[in-house]
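Please examine the structure shown here before reading on. The paragraphs that follow begin with a single residue and then widen the view.

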Amino acid sequence: MRSHQRRDRLNEAVSGEQVRELSESPSDAMRLVRDCLDDLPTEQCAILTLFYLEGMSIQEIAVILETAEGTVKSRLFHARANLKAIILSTTQFQTAKHPSS
């Protein structure tokens with residue numbers, strides 16, 4: 001899968017509508033996601049980066065991390081959930097700080 005398609009999937013997986021509403025362009029949305037990635041624990045940031053930004057498969061990540069594929073899937077699930085919470089928290093703060101109308 002092309003890397004930009006994976007990046008788009010990351011945006012959709014963790015934030016969807018909230019990022020699109022607050023972002024003027026896809027590059028703004030990706031910038032928000034990358035900034036929020038930095039707020040994750042290192043392990044969660046790494047697994048999302050490997051899967052979505054580097055385009056590695058679950059099998060490849062399992063080999064690199066020397067863990068089971070099920071563990072990689074579980075870590076991806078929790079990392080996406082945490083990233084989504086961070087994005088929602090950030091976007092709610094931005095909306096409260098700069099209300100429209």
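Leaving aside neighbours within four places in sequence, Ala-79 touches Leu-40, Gln-44, Ile-47 and Leu-48. Ala-79 itself belongs to helix α6. Is Ala-79 buried or exposed? Its relative accessible area is 0%, and Ala-79 therefore counts as buried, the limit being under 20%. Another residue helps to place Ala-79 in the fold: its C-alpha atom lies 9.3 Å from that of Leu-37, although 42 residues separate the two along the chain.

The model is a predicted one, and the confidence of the prediction deserves attention. The mean pLDDT of the protein chain is 79, with 63% of its residues reaching 70 or more. Which helix has the lowest confidence, and which the highest? Helix α2, residues 17–22, is lowest with a mean of 58, whereas α5 is highest at 96. Where pLDDT is low, the predicted coordinates should not be read in detail.

The view may now be widened to the interior. The largest nonpolar core contains 23 residues, and those with the most contacts inside it include Leu-37, Leu-40, Leu-48, Ile-61, Val-72, Leu-76 and Leu-83. At least two residues of this core come from each of the helices α3 (26–37), α4 (42–53), α5 (58–65) and α6 (69–97). Which helix gives the most to the core? That helix is α4, with 7 residues. In soluble globular proteins, nonpolar side chains tend to be buried together.

Helix α4 merits a closer look. Its buried residues are Gln-44, Cys-45, Ile-47, Leu-48, Leu-50, Phe-51, Tyr-52 and Leu-53. After α4 comes Gly-55, which has a positive phi, near 75°.

Two of the buried residues in α4 carry aromatic rings, and the model has 1 aromatic pair. Phe-51 and Tyr-52 form this pair in an edge-to-face arrangement, with 4.9 Å from centre to centre and 90° between the planes. Phe-51 has a relative accessible area of 9% and is therefore buried. Tyr-52 is also buried, because its relative accessibility is 3%.

Finally, the cysteines may be considered. How many disulfides does the model contain? The count is 0, where a disulfide would require two cysteine sulfur atoms within 2.5 Å. Cys-36 is buried, since its relative accessibility is 2%. Cys-45, at 18%, is likewise buried, because the limit is under 20%.

Key:
Residues numbered from 1 in each chain as written. Predicted model: local features only at pLDDT ≥ 70, side-chain atom pairs only at ≥ 80, totals over all residues. Heavy atoms only, no water. Core = buried A, V, L, I, M, F, W, Y, C linked by side-chain atoms within 4.5 Å. Buried < 20%, exposed > 50% of the residue type's maximum accessible area, 1.4 Å probe, protein only. Helix = DSSP H or I, 4+ residues; strand = E, 2+ residues; numbered from the N terminus. Contact = heavy atoms within 4.5 Å. pLDDT = per-residue confidence, 0-100. Phe/Tyr/Trp six-rings, centres within 6.5 Å; stacked < 30°, edge-to-face > 60°.
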